[in-house]
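Visitor: I am new to this structure and would like a close look at a single part of it, the contacts between side chains. Please start with the charged pairs and then go on to whatever lies around them.

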Amino acid sequence: RVHHRALTAVGTAALPGSMAEKDASGRLQLISWNVAGWASTHTLIRRHYSDLAAYLERLGKPAFFCLQETKVQAKDLRCQAAAKQLGAVVKGYRSFWAFQEDKDPKLSSFQGVATWVRDDVPVLGATQRVLGVPAFDQQGRALLTDHGPCVVVNVYVPCIAGAGDAMAVRAVDAKLQFLRSLSSTLESAFSKGKRVILCGDLNLTHRPLDQKAARRLMWVNSESHIEMGTGFPALGPFPTWKEQWQPVKEVHAACGVPVDTLASAAECTHIREGGCVPWLRGLVEPQSQASWSDVFAEVHPEAQDRFTSWGVQFHNLRYCNSGSRLDYVIVDRTTFEDCVVKSPTSTLPGGSENIDAASACAAANAATHFGGWHAAAVSGVAQGDGLSLQTDDMRLNDTQFPREPITGLIYTPPSYSDHIALSVLFGEKLLRPAAGGIAGADMIAGGCLAEPSHTKQSQPWLAQPSIASFFAVTTTPRKQPKAEAATAAVSPSTPAGPPAPKEKFAATTSVDPTAARQRGAAPARGTSSQGHPSKRQKR
């Protein structure tokens, strides 16, 4: 049960019906983005656009700005100054965070998600105790924000390295348990009358279309053959591949069948992860009929090669558009039908009068801004420079901003992250209860899915110092004159006077990587210039 003072603490400015900052159409934009380390991304945003508020304004002033893989710890936001330095406190928004709580320093700086909510959108509470499994909730991979009629569940699902190997079996089982717990959370919120939005990096694909054709997989059966389906003869034999998944590009090299022909009978790359792909398919398929909707897939079903991740930057796969669609916004069917704005596929970046926006050519244009973004040098004098030569090219950086917000993709600069952002537009009904949902006073009195204490944990900079910490402050005693000391000895009951004032927390500042390089400082191996894990490290 949420009390009125809890609402005030979170900063709720208005309940549905009195929202001042919606655009004329009443639409609400949600942006979801895996930033692969928020500290370095935020440093670039500040360098290029002065601050996060200005950047969000250029993106369309979204109602919800959801980040994954922040790699931010609670101690990084321990005071107001530190929170401002990392953009957690920004004009026009409130932010809520989930943190990796493991005390092991090797793990404590990984994972993490955060959600910014525009000031005119109500927030009843926030919690990272989303999945009901302590081992998962403590990893900071999920954050639920309750907005009355709707909830936003922001997630970063585990990434499995070397799926299919014996050592990965336990990790795959844990990932499936994570996903099943997530399903239970979604269904529970929906059963309470909430509209439900799931967004984030699921580290999964469920359609062959969700990755480049050459990266899809083909199964070699017990007879060492690959079945191509009706109308095609079986391929093989491939005795060394017996009962294994093989990439299309390897099969093409072995038999010469065109990649596109092979890809039509191939599976998505995550099919090796046990029951994980069947879980996602069970959630959102069959398309337009399932209880939950994969928004991008349903709004742009014909779009080819529209990926959200290309792996770590130094692999240079974005520049040949060889990636995967790992990032999603998934909503309940009622919300999809009632609220999601179905932008025409022609509004996706990369198309032109002569190039269909649904084509693979348009997708490649968007990934590189028509060849403007170029690959990092892998040899010669420029080897190792990475993206530094283009990082501050504002002509290219400014191409990330759409003419107007759409339901689609935002092609953020390669230097910001190895993922790009998703955008979904919702109609104003999003903040109105669905049929049978919780409304009015009931929304405040008993409809919140987050405990007030959990909301406080999601905003560490607002925590007040405890009484114990107040008295724990040590000061050097003032040397007493002899006469005063004698008086004190005679009158031990004399009041000692007020305690020394408590020292303010020292403001923490993050280090500009450019300045660090100019001073000759070198970050520790495996970390960014700010001491956070590098963008290459994923867990």
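Guide: What follows goes through the charged pairs, then the aromatic rings, two helices and the enclosed spaces. The model is a predicted one.

The structure contains 18 salt bridges. One of them joins Arg-58 to Asp-398, with 3.9 Å between the closest N and O atoms. Arg-58 sits in helix H3 (residues 52-59), while Asp-398 sits in the loop between helix H13 (394-397) and strand S13 (408-410), so this pair ties together parts that are 340 residues apart in sequence. Neither end of this bridge is buried: Arg-58 is partly exposed at a relative accessible area of 41%, and Asp-398 is partly exposed at 31%.

A second salt bridge is formed by the side chains of Asp-119 and Arg-94, at 3.4 Å from N to O. This pair also links distant parts of the chain, 25 residues apart: Asp-119 is in the loop between strand S4 (113-118) and strand S5 (125-127), and Arg-94 is in strand S3 (residues 93-98). Here the two partners fall into separate classes of exposure. Asp-119 has a relative accessible area of 26% and is partly exposed, whereas Arg-94 is buried, with a value of 8%. The cut-off for buried is under 20%.

A third bridge runs between Arg-432 and Glu-428, whose closest N and O atoms are 3.6 Å apart. Arg-432 is partly exposed, at 43% relative accessible area, and Glu-428 is partly exposed as well, at 32%. Salt bridges can also be joined into a network, as they are for Arg-207, Asp-210, Asp-294 and Arg-325. Side chains of opposite charge can pair when their charged atoms come close.

Next come the rings. A search of the whole structure gives 13 aromatic pairs. In one of them, the ring centres of Trp-97 and Trp-116 are 5.2 Å apart and the planes stand at 65°, so the pair is edge-to-face. Trp-97 belongs to strand S3 and Trp-116 to strand S4, so the contact ties together parts that are 19 residues apart in sequence. Both rings belong to buried residues: Trp-97 has 1% relative accessibility, and Trp-116 has 0%. Strand S3 is thus met twice, since it also holds Arg-94 of the second salt bridge.

Aromatic residues also gather in a group, with Trp-33, Tyr-49, Tyr-55, Phe-401 and Tyr-416 forming one cluster. Tyr-49 of that cluster is one of the buried residues of helix H2, which leads to the helix itself.

Helix H2 covers residues 38-49, and its twelve residues should span 16 Å at 1.5 Å a residue; the C-alpha atoms at its ends are 16 Å apart, which agrees. Nine of the twelve residues are buried, so H2 is largely enclosed by the rest of the structure. Among the buried ones, besides Tyr-49, are Trp-38, His-42, Leu-44, Ile-45 and His-48. After H2 comes Ser-50, which has a positive phi, near 75°.

Helix H12 (residues 360-368) can be described along the same lines. Its buried residues include Ala-362, Ala-363, Asn-365, Ala-366, Ala-367 and Thr-368. H12 is followed by His-369, where phi is again positive, near 50°.

Last come the enclosed spaces. There are two cavities of 30 Å³ or more. The largest has a volume of about 80 Å³. Its lining includes Trp-310, Gln-313, Asn-316, Arg-318, Tyr-319, Pro-414 and Asp-418. By class, five of its lining residues are nonpolar, four are polar and two are charged.

The second largest cavity holds about 40 Å³ of space. Val-295, Phe-296, Val-329, Thr-407, Gly-408, Leu-422, Ser-423 and Val-424 line this second cavity. Helix H10 (295-299) and strand S14 (421-426) each supply at least two of the residues in that lining, and S14 gives the most, with three. The lining of the second largest cavity has five nonpolar and three polar residues, and no charged ones.

How values were computed: Residues are numbered from 1 along each chain as its sequence is written. This is a predicted model: local features need pLDDT of at least 70, side-chain atom pairs count only at pLDDT 80 or more; totals for chains, interfaces and linings use all residues. Side-chain values use heavy atoms; hydrogens and water are left out. A salt bridge is a side-chain nitrogen of Lys or Arg within 4 Å of a carboxyl oxygen of Asp or Glu. Helices (H or I, at least four residues) and strands (E, at least two) are DSSP runs, numbered from the N terminus. Buried means under 20% relative accessible area, exposed over 50%, partly exposed in between (1.4 Å probe, protein chains only). The expected span of a helix is 1.5 Å times one less than its number of residues. On a 1 Å grid over the protein atoms alone, a cavity is a set of points where a 1.4 Å probe fits but cannot get out, and a pocket is an open set with protein on both sides within 12 Å along at least five of seven lines; lining residues have an atom within 4 Å of a point. Grid points are joined across faces, edges and corners, and a volume is the space filled by probe spheres set on the points. Ala, Val, Leu, Ile, Met, Phe, Trp, Tyr, Cys and Pro count as nonpolar, Asp, Glu, Lys and Arg as charged, and the others, Gly among them, as polar. Rings of Phe, Tyr and Trp (its six-membered ring) pair if their centres lie within 6.5 Å; planes under 30 degrees apart count as stacked, over 60 as edge-to-face and the rest as tilted.
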